[in-house]
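Me: I'd like to learn how to read cavities, sheets and burial in a model. Could you walk me through one?

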Amino acid sequence: MGNPKAFLTIERKEAGYRPIHDRIHDFGEVEQTLNQNDRRIQASRCMDCGVPFCHWACPLGNKPPEWNDALYKGDWQLAYELLNATNDFPEFTGRICPALCEKACVLNLMEHEPTTNREDEAAICEHAWEENYIHVEIPERNGLKVAVVGAGPSGLVAANRLNRKGYTVTVIDARENAGGLLRYGIPNFKLNKDVIDRRLKLLEEEGITFKYGIHVVSDKDDIPAIQNDPTLGKDTVVTFDELSKKYDAVIVCTGTPQARDLKVPGRELEGVYFALEMLSQQNRVLAGEDFPKDQLVNAKGKDVLVIGGGDTGSDCIGTAHRQGSKSVTQIEIMPKPPVGPDDPKNPWPNWPRTLKTTSSHEEGCVRRWNINTLEFLGKNGKLTGVRVQPIDWKPNPEGGRPIMVEAGEPEIIKAQIVLLAMGFLRPQQPEFPENVFVAGDAASGASLVVRAMASGRDAAKKVDEYLNK
């Protein structure tokens, strides 16, 4: 520790967000950065804890005390090497991770002012790119081939790890570019896509091959919608069985493609969309893709209702603002979380399930909890409103899920667009050949990007062990 008393004399200082009146007019990243001197001072607050719970809380096992100490001492290269030893892509997690390490930080227990690990992580990585600490490394090939199906966070980490070990890695993805949720789910105002492209360019230069527009399925006969799509060539659909015979090993990193639906009367009305229909399309529009006017999911001049209180719902709110929505309301069927900062049901060092207010919420949004959706209302096939009802939850005398009970009269929320952000269904994987492995959300169901990355790393290790038996 360069300054063992810093945590006693220096307060937590965050970079903060761009002013609301400025940021809602573009899709540039909302988060600002501190200058290098302030960033080093913040790193000095990291203590030499007897038991550093940040290690335990991070799915990747990151070691903030070590790289924060190097950062404070001005050794940015060492800081990056320590960070990169456990985290393949800190430029991603440094922007979008909820920072589980910070909630487990001892300083969070004492003063609710943890070390700024996530911001420090992002700063270290950006400095590493600027100073060319990150450069092309082409390993000696071992003659074995691995296919990674899915170019999201878990797939990219698995591909990177195996490539570094000398395997010839091919990444296959159904979309037109790599990144998965990072590219097609997370808005640009949280993660600029140039950050992804910069890393992809390096991975390609290091020998990883990316193939796009290829659908990998369990059985071609089970997907007539894909087979009959006139926009796809006959060679764009392959099976996992075919891949397992062509490659020495295959890793399935296809994520959780099926969003949770809300099948109430009126679901077929124009104006009711899954959240990713809007988020993915907006990211594609910003990348230069054109869509027919009748296919655009745009909130300009409309009242927007977001159903679902998680991060995806928050992303919809921020996107709706930037598209020029008239109003935004977010409803959640579950009770309002405690305001915090403490959560008696999940005490430190566990993640506190307290009320979260994002940058998108700060931009303007009516938020309501314990609201059940009864019906989508419309006229001439188009959405005009949503009939909802306040509810409450009572303990189930038989145990298990609480019982929902009515707590008020039904009402109508005016809306011309509804965005369903209620999570994703866990995929049911078939029985794969022995040399096929599953990682990320495809294995666990929807979770955090940092957990998907950790799963990709673990899958790469399993593949390496399997092929070296």
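Reply: Sure, we'll take the cavities, then the sheet, then a couple of serines; keep in mind that this is a predicted model.

Me: Let's start with empty space. What is the general idea, and how many cavities of 30 Å³ or more does the structure hold?

Reply: The general idea goes like this: rolling a probe the size of a water molecule over the atoms shows where empty space is left. In this model, that turns up 3 cavities of 30 Å³ or more. The largest cavity has a volume of about 110 Å³.

Me: Which residues lie nearest the centre of the largest cavity?

Reply: Cys58, Asn62, Cys97, Cys101 and Glu121 do, out of a lining of 16 residues. You can also read the lining by element: α5 (64–72), α8 (100–104) and α10 (117–130) each give at least two residues. The largest share comes from α10, with 3 residues.

Me: And how does the lining of the largest cavity divide into nonpolar, polar and charged residues?

Reply: There are 10 nonpolar, 4 polar and 2 charged residues in that lining.

Me: What volume does the second largest cavity have, and which residues are closest to its centre?

Reply: Its volume is about 100 Å³. It's lined by 14 residues, and the closest to the centre are Cys46, Cys49, Cys54, Cys105 and Val106. Two or more lining residues come from each of α4 (53–57), α8 and α9 (106–111). By class, the lining of the second largest cavity has 12 nonpolar and 2 polar residues, and no charged ones.

Me: On to the sheet. In what order do its strands come, and is the pairing parallel or antiparallel?

Reply: Read across the sheet from strand to strand. Here 5 strands make an open sheet, ordered β7-β15-β8-β9-β10, and the pairing is parallel.

Me: Which strands stand at the edges?

Reply: Look for strands with a single partner. In this sheet those are β7 (272–274) and β10 (366–369), so each has one side left without a neighbour in the sheet. As for twist, neighbouring strands are turned by 20° against each other on average, ignoring direction.

Me: How many bridges join β9 to β10?

Reply: There are 4 bridges between strand β9 (residues 327–332) and β10, and the two run parallel. To find your place in the pairing, look at threonine 329, which stands opposite valine 366 in β10.

Me: Which strands does helix α16 lie across?

Reply: Helix α16 (residues 275–286) lies across β7 and β15 (417–420), at about 70° to β7. Helix α17 (residues 311–323) packs on the sheet too, touching β8 (303–307), β9 and β15, and its direction makes about 170° with that of β9.

Me: Last topic, burial. Is serine 325 buried or exposed?

Reply: Compare the relative accessible area with the cut-off: buried means under 20%. Serine 325 has 17%, so it counts as buried. This serine sits in the loop between α17 and β9. Leaving out neighbours within four places in sequence, serine 325 is in contact with Ala299, Lys300, Gly301, Lys302, Val304 and Ala320.

Me: And what does 29% relative accessibility make serine 327?

Reply: Partly exposed, because 29% falls between the 20% limit for buried and the 50% limit for exposed. Serine 327 belongs to strand β9. Not counting residues up to four places away in sequence, serine 327 touches Lys302, Asp303 and Val304. Its C-alpha atom is 8.2 Å from that of glycine 301, with the two residues 26 apart along the chain.

Methods: Residues are numbered from 1 along each chain as its sequence is written. This is a predicted model: local features need pLDDT of at least 70, side-chain atom pairs count only at pLDDT 80 or more; totals for chains, interfaces and linings use all residues. Side-chain values use heavy atoms; hydrogens and water are left out. On a 1 Å grid over the protein atoms alone, a cavity is a set of points where a 1.4 Å probe fits but cannot get out, and a pocket is an open set with protein on both sides within 12 Å along at least five of seven lines; lining residues have an atom within 4 Å of a point. Grid points are joined across faces, edges and corners, and a volume is the space filled by probe spheres set on the points. Ala, Val, Leu, Ile, Met, Phe, Trp, Tyr, Cys and Pro count as nonpolar, Asp, Glu, Lys and Arg as charged, and the others, Gly among them, as polar. Two strands pair if DSSP finds at least two bridges between them. Axes are lines fitted to C-alpha atoms, for helices over the stretch in contact, and angles run from 0 to 180 degrees between N-to-C directions. Contact means heavy atoms within 4.5 Å. Buried means under 20% relative accessible area, exposed over 50%, partly exposed in between (1.4 Å probe, protein chains only).
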